[in-house]
Amino acid sequence: MVEHDDGPLEFPCRWPVKAMVRSGEDVMAEVLRAIGRHAELPDEKDVRVRPSRHGRFESITVTIEVRSRSHLESVYSEVRDVPAVVMTL
């Protein structure tokens, strides 16, 4: 029997997926497409973008419903594959 340790998280839950990206025209669309491959895309109110002081980078936060730790890991894996993503939190 395989047990999954979800730690202190209880699923399903809403989770803010945060990506630090290099600024660019299509970066937001690419991040949303990556998330959309594994989760239903949220309303606009659940998507936040915050530019860095000099505008070279942006922080994109998308709050989604996640079903399990493996589901969350799949979403993060897909987001990290976007070329403009510098890091995920």
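Me: In what sense do S2 and strand S3 (residues 57-66) pair, and over how many bridges?

Reply: Two strands count as paired if DSSP finds at least two bridges between them. Helices (H or I, at least four residues) and strands (E, at least two) are themselves DSSP runs, numbered from the N terminus. Here S2 and S3 are antiparallel, with five bridges joining them. Arginine 48 has threonine 61 of S3 as its bridge partner, and proline 51 is opposite glutamate 58 in S3.

Me: On what basis should these statements be read?

Reply: The model is predicted, and local features need pLDDT of at least 70, side-chain atom pairs count only at pLDDT 80 or more, while totals for chains, interfaces and linings use all residues. Residues are numbered from 1 along each chain as its sequence is written, and side-chain values use heavy atoms, with hydrogens and water left out.

Me: What links S2 to S3, and which residue in the turn has a positive phi?

Reply: The two strands form a hairpin with five residues between them. Glycine 55, in the turn, has a positive phi of about 80 degrees.

Me: In what order do the strands lie in the sheet?

Reply: The sheet is open and has four strands, in the order S2-S3-S1-S4, with antiparallel pairing. Strand S2 (47-51) and strand S4 (85-88) are the edge strands, each pairing on one side only. From one strand to the next, the twist averages 25 degrees; angles run from 0 to 180 degrees between N-to-C directions, and axes are lines fitted to C-alpha atoms, for helices over the stretch in contact.

Me: Which strands does helix H1 touch?

Reply: Contact means heavy atoms within 4.5 Å. Helix H1 (residues 27-36) packs on the sheet and touches strand S1 (13-22), S2, S3 and S4, its direction making about 25 degrees with that of S3. Helix H2 (residues 69-80) also packs on the sheet, touching S1, S3 and S4, and its direction makes about 15 degrees with that of S1.

Me: Which residues of H1 are buried?

Reply: A residue is buried under 20% relative accessible area, exposed over 50%, and partly exposed in between (1.4 Å probe, protein chains only). In H1, the buried residues are Val27, Val31, Ala34 and Ile35. Viewed down the axis of H1, they fall within an arc of 100 degrees, so they line one face of the helix; the arc is that of the directions from the helix axis to the C-beta atoms. These buried residues pack against S1, S3, H2 and S4. S2, by contrast, is hardly covered: among its five residues, the count of buried residues is zero.

Me: How many salt bridges are there?

Reply: Side chains of opposite charge can pair when their charged atoms come close. The rule requires a side-chain nitrogen of Lys or Arg within 4 Å of a carboxyl oxygen of Asp or Glu, and the count is four. One of them joins arginine 14 to aspartate 46, with the closest N and O atoms 3.0 Å apart. Arginine 14 lies in strand S1 and aspartate 46 in the loop between H1 and S2, so the pair ties together parts 32 residues apart in sequence.

Me: Is aspartate 46 buried or exposed?

Reply: Aspartate 46 is buried, at a relative accessible area of 12%, whereas arginine 14 is partly exposed at 43% relative accessibility.

Me: Which other salt bridges involve these two residues?

Reply: Glutamate 65 forms a salt bridge with arginine 14 (3.8 Å, N to O). Glutamate 65 lies in strand S3 and arginine 14 in strand S1, so this pair ties together parts 51 residues apart in sequence. Lysine 45 forms a salt bridge with aspartate 46 (3.6 Å, N to O), and lysine 45 is exposed at 64% relative accessibility. Through shared partners, Arg14, Lys45, Asp46 and Glu65 are joined into one network.
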